[in-house]
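Could you take me around this structure, one selection at a time? I have it open in a viewer and would like to know what to pick next and what is there.

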Amino acid sequence: MSLSPVPPRLRQPNWRRRLLPILFQAAIGLLVLGAIALVLSNLQVNLIRRGLGLSFDWLGRPARFPLAQGFLPYKTADSYAWAFVVGFVNSLQVVVVGLVLSTILGVLAGAASFSGNWLLRQLANVYVAVARNIPPLLHLLFWYFVVFTTLPGVRGHVNALAAWLRLPISVEFMALLVGLTVYTGAYIAEVVRGGINSVPRGQWEAARSLGLNEGRTLRLVVLPQALRAILPGLNSQYINLAKNSTLAIAVGYSDIFSIVNTTFTQTGRSIEAFVILLLGFLVLDLLISGGMNLLNQVVLRRG
Amino acid sequence: MGGNGRVCHVKMALPSKPLMLAKSFKRFVIAPLLLTLASCATAPEDKVSLLDQVQSRGELRCGISGTLPGFSYLNDDGSYTGLDVDICRAVAAATVGDADKVDYTQLTAAQRFTALSSGEIDLLSRNTTQTLSRDSAGGNGLTFAPVIFYDGQGILVRRDRGVTTLEGLANQTVCVGSGTTTERNLNDVMQTRGIPYEALKFEQAPDRDQAYLNGSCAAVTADRSALNSSRSGFPSPDDHVILEESLSKEPLAPATVDGDDTWADAVRWVVYGLMEAEERGITQDNVADYVASATSGEQEENASLRRFLGIEGDLGTKLGLPNDFVVQAVEAVGNYGEIYGRHLGPDTRTAIPRGLNESHVNGGLHYAPPFN
């Protein structure tokens, strides 16, 4: 009668096997907390030493800087806080319209890359290749300085559109909107293409054998199934669009970032102003994410 | 946001064997971390002045605009040139003995103060207006060196618009640079005089000018010197005029971070040295003769000149600089008048009459306190 040899790993006492991972986790946790505490204490010590305790009193003072006509009324005697609200709504405006337009553009371009029409397919490919490989800032500068302000007549059309819609639509807004839409649309087109690709070929063939034409196959059979693969990818593209909207200052549009920029040079309150900016974007991105997750659940439930 | 160059570093030694991890964690990670935390919290006040840091580094880190002809602009050969740049060069010559030992950082108006207070640059020489808010600890927390250019905010319009006063801009759009004093000045003046207007903000001066040229705005506002520089780069400069009236006082001065008096004093007296040199007629070409003459020549008995040039006394040493720091600076870039003439004089593309920027002996405002 002999005991089978115990593997050396199991010979360790029981407590040691259980305790080690817990200790490890605790150490990592401590490390993270310590790093945060280090940063915060460094910040506070240095701020206090320079006589700059964190303070938000200045938010109520008159901003005294001009802003271009936006969605909300604004006078230069209004407070910094109101200027932030105006800027946030200006950002929201371009992000929301941009989301809708870039989705339409992206889905069209993504679907077109599966078209039987050679020309349409190549056009979609060229669009994606060109738009995706140019940095977003260059997109904006191109649309603003080349298309919207240099080409004759474009400005007049934008003004006519603004008068007709009775909305404060400026050349700057249009340049930002079109730039962001074209740039993000290309990424969405790729997401859509990937989603459609994930639908088995058999589905196309089955639809065709039922006598459905190309358009109806796509609309009734393929896209509904592709949606599951598309939605998560769309989410991150939407958030990218929201983040890229901070490039607005390059084309003279008064978004939240441009206003924070002015505010912190006027007040010297860069940390507070940036905290507000970061929170604003966190809220915006969480709203987008939350909305997309909701949509995702609906799609999944419908099967 | 950080302190004056003092950063809390965490050094971590990684354990060599994974099995030792738990024990090593305590020894190598947590202990130093707590130590650092404790040392950060107590924040010792024996911080090293930027002057010592610059001297031991052997290089000055200077923040400039880089997009303003006459003040700081890229040469054809890739080096920077201009009035602001020469201030950097003079300070480098006086502190580390070589005007070329400057590391330039191009900054936008909005970036400049953060770059300075975070310790990314030692000296901000970027056509920056001295104001109370920027000077005070409760504001941007800067310390200003003497004003090197007395400016005023102006308005640039197309000549064919026929606008001669601000009232002519009623209900028009004006392009402004974001993060500058000009945004607020424009608003103050227009509101006081009851002139309705719209503003378009741009972060970069070239974008602001391009938007104006493309017709997005009827006028551009900025410091008169900046408008003058911008206009010099336009396709047909003569089609644009700067309105007679000034909207504000814009004294442009180099700045250092608050709370480092040793460094601020050094920069201040280098700038004064350039002005004093002009008053005394000491130039880049004749500074060596002056030194020779004051050492053992005609001027041997001229005590104030000897002190100024660092031959006698310890003026430079008191500042923590070489005793002949003025000589070094003037040898490198010339006196203030020469610098002005080189970048903004009548023969340059960016010519601006000296006006207030003359030495006080010629009726201007540049006046250096005694070198005593």
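Start in chain A with helix α4, residues 136-148, and pick out its buried residues: A:Pro136, A:His139, A:Leu140, A:Trp143, A:Tyr144 and A:Phe148. Keep in mind as you go that this is a predicted model. Now show what covers these buried residues of α4(A): the cover includes α5 (154-165), α6 and α8 (214-244) of chain A.

Next, select A:Leu176. Which residues does A:Leu176 touch, leaving out those up to four places away in sequence? They are A:Val94, A:Leu140, A:Ala248, A:Val251 and A:Tyr253. A:Leu140 is one you have already met, among the buried residues of α4(A).

A:Leu176 also leads into the largest nonpolar core, a set of 158 residues. A:Leu176 is one of the residues with the most contacts inside this core, along with B:Cys88, B:Val91, B:Val270 and B:Ala329. Colour helix α6 of chain A, residues 171-197, and you will have the element with the largest share of this core, 16 residues.

Before leaving chain A, make a short stop at A:Gln122 in helix α3, residues 118-132. Is A:Gln122 buried or partly exposed? A:Gln122 has 13 C-beta neighbours inside 10 Å and therefore counts as partly exposed. Draw a distance from its C-alpha atom to that of A:Ala112, ten residues away along the chain, and you should read 8.8 Å.

Now switch to chain B, which has 372 residues, 49% of them buried. Its secondary structure consists of 14 helices and 14 strands. Taking the contacts in chain B with a separation of 6 or more, 70% are between residues 24 or more positions apart.

Select helix α9 of chain B (residues 261-280) together with helix α13 of chain B (residues 325-333). Their axes are 9 Å apart, and the helices pack at an angle of about 70°. The two helices are therefore roughly perpendicular to each other, and α9(B) passes α13(B) in a right-handed crossing. Show side chains for B:Val270, B:Gly273, B:Leu274 and B:Ala277 on the α9(B) side, which meet B:Phe325, B:Val326, B:Ala329 and B:Val330 on the α13(B) side. By class, this contact has seven nonpolar residues, one polar and no charged ones. Two residues here, B:Val270 and B:Ala329, were named earlier for their contacts inside the largest nonpolar core.

Keep α9(B) on screen and add helix α14 of chain B, residues 336-344. At what angle do the axes of α9(B) and α14(B) cross? They cross at roughly 95° and come within 6 Å, so α9(B) is roughly perpendicular to α14(B). Here B:Leu274, B:Met275 and B:Glu278 in α9(B) meet B:Tyr336, B:Gly337 and B:Ile339 in α14(B). This contact divides into four nonpolar residues, one polar and one charged. Notice B:Leu274, which takes part in the contact with α13(B) and in the contact with α14(B).

For the last stop, select B:Arg224 in helix α8 of chain B, residues 224-232. B:Arg224 is buried, because 20 other C-beta atoms lie within 10 Å. Leaving aside neighbours within four places in sequence, B:Arg224 is in contact with B:Asp151, B:Gly152, B:Gly154, B:Ile242 and B:Ser246. To finish, draw a C-alpha to C-alpha distance from B:Arg224 to B:Val333: the two are 25 Å apart in space and 109 residues apart in sequence.

Key. Residues numbered from 1 in each chain as written. Chains lettered and ligands numbered in written order. Predicted model: local features only at pLDDT ≥ 70, side-chain atom pairs only at ≥ 80, totals over all residues. Axes fitted to C-alpha atoms, helices over the stretch in contact; angles between N-to-C directions. Helix = DSSP H or I, 4+ residues; strand = E, 2+ residues; numbered from the N terminus. Parallel < 35°, antiparallel > 145°, perpendicular 65-115°, else oblique. Left-handed = near helix turned anticlockwise from the far one by under 90°. Contact = placed C-beta atoms within 7 Å. Nonpolar A, V, L, I, M, F, W, Y, C, P; charged D, E, K, R; others polar. Core = buried A, V, L, I, M, F, W, Y, C linked by C-beta atoms within 7 Å. Buried ≥ 20, exposed ≤ 12 C-beta atoms within 10 Å, placed from the backbone.
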